[in-house]
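The following paragraphs offer a guided reading of a single protein chain. The reader is invited to keep the sequence and the model in view throughout.

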Amino acid sequence: MINRRAFIALVAAGSALPWGAWASELPRERLPQLPTGTPGLLMAGSHSAMAERWSPILPTALGQGFGLPTPLGVRDTVGQDGVTGANLFDSQFASDGMMALAAPGSALVSSLCGDPRIHFDYSRWLPLLLSLTVPIVIGRTQLHRSLGSFMRDRPVRIAVSTLTGIELPTVLAMTLFGLRPIPVTGLATPQAAAAALRDNQVDVIQITDPLGTPETAALTSTLAQAGCPALFALTDRPGTVSLPGQTIMNMEDRLRQDARSALNSLLHAALRPLAGAAGVDLALVLPMLTSSATLARWRAATTQALHDGTLQATMHDAGRTLLTGTDATEALRQISGDTSSIMTLRRWLAANLPSWRLG
């Protein structure tokens, strides 16, 4: 057994070690900490559409909300789906509360799928702001059981970025309609997916942000005129979704019309949180352990930020719903799903991913 004198000698020797000896043990992705009390923003997925849209406006709007003379300090994490940034947020900023995370919906979809890279739990985040879009499904396939499409298990090719990317709700929806989805990977932008649809390389595509830019809105109109209308919107909100020249049925009503038996299935229950996650344009969140005083400070700053003129101009007619407070909390709860729906989704993926990978 080591005695007290020897123990003190060991501690003294350790304190004399150069800093580099200790630094080598730090995680490679370790980020420097902000000074105490200084709010900051961790941007997950610097190459994502979310970062491109929100990076120019959100730090400035939040800085004004806090009454700061400059925009909030931003730390970018490289990536497109936001998983790396979300992992860092949960591992390094789990209790401070002065660093908020801006994450895209693709990170939430990856989490629901059980992606092995995931080391965060977004159901434990405290939402400050959710920006929600309504993804739409476009294609030339027939969903109803006409004489020409009565047979079940008909193959349908679907444009996707990756096999478990943000287009996964469309893949699952095709299963509920009694079709056999065949994901076609590598089509990560609306333009690439639309080109593949026009060239008959795929039958169905998902436009996650149909009103995000004038170019995307025009693209949906062009496809409709070319015989590829919007089939349904990936939302269970009552009513229809309006796009220029089109009125689109929501997925619940479309299933009720063309595949009513699917409404009572476990896969349908799994589709709802998955579609909700895909519709998250931005999740601005804090760690679960944030103190009530810090949370109140952030919420007040976020509310004030929504009055920023540049932010309002960017969001105007962009097809987004902005949620704060209890509305954002309830929406994130629904998107998190329950144990049954998550396990159903992952069993379905486990059964299909091997054949999808083989093409």
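In this predicted model, the side chains of Asp81 and Arg117 form a salt bridge, with an N to O distance of 2.6 Å. Asp81 belongs to the loop between β2 (73–77) and α5 (83–92), and Arg117 to the loop between α6 (105–113) and β4 (126–132), so the pair ties together parts that are 36 residues apart in sequence. Arg117 counts as partly exposed, because its relative accessibility of 38% falls between the limits of 20% and 50%.

The wider setting of this pair is a protein chain with 15 helices and 13 strands. Of its 359 residues, 50% are buried. Among contacts between residues at least 6 apart in sequence, 76% join residues at least 24 apart. The chain exposes about 17,100 Å², and carbon and sulfur atoms supply 56% of that area.

The Asp81 and Arg117 pair has counterparts elsewhere, since a search of the whole structure finds 11 salt bridges. One of them joins the side chains of Asp281 and Arg53, at 2.4 Å from N to O. Here Asp281 lies in strand β12 (residues 280–286) and Arg53 in helix α3 (residues 49–54), so this salt bridge ties together parts that are 228 residues apart in sequence. Asp281 is buried, because its relative accessible area is 8%, and the limit for a buried residue is under 20%.

A further salt bridge is found within a single helix. Glu330 pairs with Arg333, and their closest N and O atoms are 2.5 Å apart. Both residues belong to helix α14 (residues 325–336), where a spacing of 3 residues separates them by about one helical turn. In general, an α-helix has 3.6 residues a turn, so residues three or four places apart point the same way. Glu330 is partly exposed, with a relative accessible area of 32%, whereas Arg333, at 53% relative accessibility, counts as exposed. Salt bridges with shared partners also join Arg53, Asp209, Asp281 and Arg320 into one network.

Attention may now turn to the nonpolar interior. Which residues have the most contacts inside the largest nonpolar core? They are Leu101, Trp125, Met174, Phe232 and Trp348, in a core of 66 residues. Helix α11 (residues 266–278) gives the most to this core, contributing 7 residues. Trp348, leaving aside its neighbours within four places in sequence, is in contact with Leu168, Val171, Leu172, Thr175, Leu267 and Trp356. Another core lies apart from this one and has 26 residues, including Leu72, Met98, Ala100 and Leu295.

Trp348 also leads to helix α15, in which it is buried together with Ser341, Ile342, Thr344, Leu345, Leu349, Leu353 and Trp356. The buried residues of α15 pack against α6, α7 (168–176), β7 (179–184), α11 and α14. Helix α15 (residues 339–358) has 20 residues, which should span 28 Å at 1.5 Å a residue; the end C-alpha atoms are 29 Å apart, in agreement with that expectation. Along its course α15 bends by about 40° at Asn352, and a proline, Pro354, follows within four residues. After α15 comes Gly359, whose phi is positive, near 80°.

Terms used
Residues numbered from 1 in each chain as written. Predicted model: local features only at pLDDT ≥ 70, side-chain atom pairs only at ≥ 80, totals over all residues. Heavy atoms only, no water. Salt bridge = Lys/Arg side-chain N within 4 Å of Asp/Glu carboxyl O. Helix = DSSP H or I, 4+ residues; strand = E, 2+ residues; numbered from the N terminus. Buried < 20%, exposed > 50% of the residue type's maximum accessible area, 1.4 Å probe, protein only. Core = buried A, V, L, I, M, F, W, Y, C linked by side-chain atoms within 4.5 Å. Contact = heavy atoms within 4.5 Å. Expected span 1.5 Å × (residues − 1). Bend = angle between axes of the 7 residues up to and from the residue. Areas by Shrake-Rupley, 256 points an atom, 1.4 Å probe, with all protein chains shown as cover.
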